[in-house]
Amino acid sequence: MGANWERVAAAVAKIAKPDAPAPPKFEDALADQERLAAIIVLVKDEAGQKVLLANEALEPTLDPEEARCIRDLNRMRVLLRLNPLKIDPGLGSAARDHSTDMVKQKFFSHESPVGGKRNFQDRARKFGSTANAENIAQGQPTGVAVNLDWFHSPGHHVNMMNRHWSRVGVGRFEKTWTEMFG
């Protein structure tokens, strides 16, 4: 099965757009599916299971590391008996936009100098959503790495583990990350 996966991935790569992300290796895709199955088993309520399955359907629309970041965040939350967070595409777009602004405009802050995007509420509204909190980070190469750093930072940890949130959006540009909650 892995050999077939690799042949299909090679064929897709030939016809994909030049800037399209490479398909995952078979082992990585299988590991992702195993992680999803393991987490779904731990979620006791049907609503939480539906959130995880809905997220899986949305993940291909995200940057692979953004998707891994959300999947890893939900794994942490479920292991701590918290509800998994649903991917909110509007929050994801707002987060990605803020990360891009921080790199291109050379600032690192929750307050943006860009007009109409002063705070995370403004940014979420601009992308058709609402937000209650935001985490930002710089320098981490992967979604798992940024989650680990946020998890061990008291203020960021509070945002990640808040029982009242039901939605999340993550956006990165280069190694600058924004995570928004609603």
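Just after α4, Arg 81 takes a positive phi of about 65 degrees. Most residues other than glycine have a negative phi. In this predicted model, that arginine also turns up among the residues lining the second largest pocket, so the end of α4 is a handy place to start.

Helix α4 itself covers residues 64-79. Its 16 residues should span 22 Å at 1.5 Å a residue, and the C-alpha atoms at its two ends do sit 22 Å apart, so expectation and model agree. At the start of the helix, Asp 63 brings a side-chain oxygen to within 2.8 Å of the backbone nitrogen of Glu 65. Glu 65 is itself one of the buried residues of α4. Most of the helix is covered, with 12 of the 16 residues buried. Among them are Ala 67, Cys 69, Ile 70, Leu 73, Met 76 and Val 78, but the list also includes the charged side chains of Glu 66, Arg 71, Asp 72 and Arg 77. Asn 74 is buried too.

The second largest pocket picks up where the helix leaves off. It holds about 190 Å³ of space. Part of its lining comes from Val 78, Leu 79, Arg 81, Leu 82, Asn 83 and Pro 84, and the rest from Leu 42, Val 43, Lys 44 and Asp 45. Helix α2 runs over residues 26-42, which puts Leu 42 at its last position, while Val 78 and Leu 79 fall within α4. Sorted by class, the lining has 6 nonpolar residues, 1 polar and 3 charged. Val 78 has a part in both stories, being buried in the helix and listed in the pocket lining.

Stepping back to the whole chain, the protein has 8 helices and 4 strands. Read from the N terminus, the elements go α-α-α-α-β-α-α-β-α-α-β-β. Of the 182 residues, 42% are buried. Among contacts with a separation of 6 or more, 66% are between residues 24 or more positions apart.

Strand β2 (residues 133-138) offers a good example of such a meeting point in Glu 134. Is this glutamate buried or exposed? With a relative accessible area of 5%, Glu 134 is buried. Its side chain makes a polar contact of 2.7 Å with the side chain of His 110. Neighbours within four places in sequence aside, Glu 134 is also in contact with His 98, Phe 120, Arg 123 and Asn 159, along with Thr 178, Glu 179, Met 180 and Phe 181. Those last four fall in strand β4, which spans residues 176-181, and His 98 belongs to α5, which spans residues 89-104.

Strand β4 also holds Thr 176. At 5% relative accessibility, Thr 176 counts as buried. Once residues up to four places away in sequence are set aside, Thr 176 touches Ser 99, Met 102, Val 103, Ala 137, Gln 138 and Gly 171. Ser 99, Met 102 and Val 103 come from α5, Ala 137 and Gln 138 from β2, and Gly 171 from β3 (167-173). The C-alpha atoms of Thr 176 and Gly 139 are separated by 6.3 Å, although the two residues are 37 apart along the chain. Helix α5 and strand β4 give another pair of this kind: Thr 100, in α5, and Thr 178 are 78 residues apart in sequence and 9.5 Å apart in space, C-alpha to C-alpha. Thr 100 is buried as well, with a relative accessible area of 18%.

The loops supply the exposed residues of this account. Lys 106, in the loop between α5 and α6 (120-126), has a phi near 60 degrees, a positive value in a residue other than glycine. Its relative accessibility is 72%, so Lys 106 counts as exposed. Glu 174 does something along the same lines in the loop between β3 and β4: its phi is near 55 degrees, again positive, and its relative accessible area of 54% makes it exposed. Lys 25 occupies the loop between α1 (2-15) and α2 and is exposed, with a relative accessible area of 54%. Its C-alpha atom and that of Glu 6, 19 residues away along the chain, are separated by 7.1 Å.

Methods
Residues numbered from 1 in each chain as written. Predicted model: local features only at pLDDT ≥ 70, side-chain atom pairs only at ≥ 80, totals over all residues. Heavy atoms only, no water. 1 Å grid on protein atoms, 1.4 Å probe; cavity = no way out; pocket = protein on both sides within 12 Å on 5 of 7 lines; lining within 4 Å. Points joined across faces, edges and corners; volume = space filled by probe spheres on them. Buried < 20%, exposed > 50% of the residue type's maximum accessible area, 1.4 Å probe, protein only. Expected span 1.5 Å × (residues − 1). Polar contact = N/O pair within 3.5 Å; in protein donor to acceptor, adjacent residues only side chain to side chain. Contact = heavy atoms within 4.5 Å.
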